[in-house]
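Work through the exercises below with the sequence and the model side by side. Try each task before reading its solution.

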Amino acid sequence: MRLVYCSGLAAALCLLSGQAAAQTWLASFPSGDWDFAGNWTPATVPNSDAATAVFGNSTTTSLGFANNTHNIGGMTFNAGAPAYSFSLTGPQIFTFRGAGIVNNSSNAPSLTVSSDTALSANPLAFVKATSAGNANITVNAASAVGFFN
C-alpha cells in the first residue's frame, strides 16, 4: 500500500493520482477501431495493465483492433450497455491482467478469437485472478484462450 500525504487544494489531485486509468468508449464516433484514440474519452486508447475500458450505450458495438498487442486491466460494461462484440484476427494478442470482464448490463459481451496460434500461443489470455465474467467467447480453428496464474 502506498501512502501519499496531501494538504489543501492538492488533496483532490492526490486522490486522482492513485487511481487506475479508465477510458470510456464514446456513444457515437467515426470508427469501430479499438485503437483509434478519437473513440475514447479521454482520447487515449486503453492499453496498459492498469487501464480499464468502460462501455455504456453506443451506436457502434462491434469492435476490431488495428494494432497487434493489447494489455489491459479490464473491461467494465455499465448498466444498460448493449451487447458489444470484439473480434481478434490475424496475429493479434489481447491480455487481461486486472479485474477482467465486469458486466453490470443484462447483455453479455462476446469475444471471437480467430488469431493464428502459430503467431501467438494464446491470442486471448486471462492472467492471475482475472475473470472472463459472463462473456460469450468463441474460439475458431487454430486459436486458443489461456487462463494463467
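The exercises go from the whole chain to single residues. This is a predicted model, in which local features need pLDDT of at least 70 and side-chain atom pairs count only at pLDDT 80 or more, while totals for chains, interfaces and linings use all residues. Residues are numbered from 1 along each chain as its sequence is written, and side-chain values use heavy atoms, with hydrogens and water left out.

**Exercise 1. The whole chain**

Find how many helices and strands the protein chain has, and in which order they run.

Solution. Step 1: take helices (H or I, at least four residues) and strands (E, at least two) as DSSP runs, numbered from the N terminus. Step 2: count them, which gives 1 helix and 11 strands. Step 3: read the order from the N terminus, α-β-β-β-β-β-β-β-β-β-β-β.

Step 4: turn to burial, where buried means under 20% relative accessible area, exposed over 50% and partly exposed in between (1.4 Å probe, protein chains only). Of the 149 residues, 36% are buried. Step 5: look at contacts, meaning heavy atoms within 4.5 Å. Among contacts with a separation of 6 or more, 60% are between residues 24 or more positions apart.

**Exercise 2. The nonpolar core**

Name the residues that touch the most other members of the largest nonpolar core, and the strands that supply at least two of its residues.

Solution. Step 1: define the core as a set of buried Ala, Val, Leu, Ile, Met, Phe, Trp, Tyr and Cys residues joined through side-chain atoms within 4.5 Å. Step 2: the largest one has 25 residues, and W34, F55, M75, F86, F94 and F96 touch the most other members. Step 3: at least two core residues come from each of strand 3 (52-55), strand 5 (69-77), strand 6 (85-90), strand 7 (93-103), strand 8 (110-115) and strand 9 (124-127).

**Exercise 3. Aromatic pairs**

Describe how the rings of W34 and F55 are placed, and where in the chain the two residues lie.

Solution. Step 1: rings of Phe, Tyr and Trp (its six-membered ring) pair if their centres lie within 6.5 Å; planes under 30 degrees apart count as stacked, over 60 as edge-to-face and the rest as tilted. The whole structure holds 18 such pairs. Step 2: the centres of W34 and F55 are 6.2 Å apart with 40° between the planes, a tilted pair. Step 3: W34 is in the loop between strand 1 (22-25) and strand 2 (40-41), and F55 is in strand 3, 21 residues apart. Step 4: W34 counts as buried because its relative accessibility is 0%.

Step 5: F65 and F94 form another tilted pair, with 5.4 Å between centres and 55° between planes. F65 sits in the loop between strand 4 (62-63) and strand 5, F94 in strand 7, 29 residues apart. Both F65 and F94 are buried.

**Exercise 4. Backbone details**

Which residues does a cis peptide bond join, and is K128 buried or exposed?

Solution. Step 1: most residues other than glycine have a negative phi, and most peptide bonds are trans. Step 2: the cis bond joins T41 and P42, with omega about -10°. P42 lies in the loop between strand 2 and strand 3. Step 3: K128 has a positive phi, near 60°, and is placed in the loop between strand 9 and strand 10 (136-139). K128 counts as exposed because its relative accessibility is 63%.
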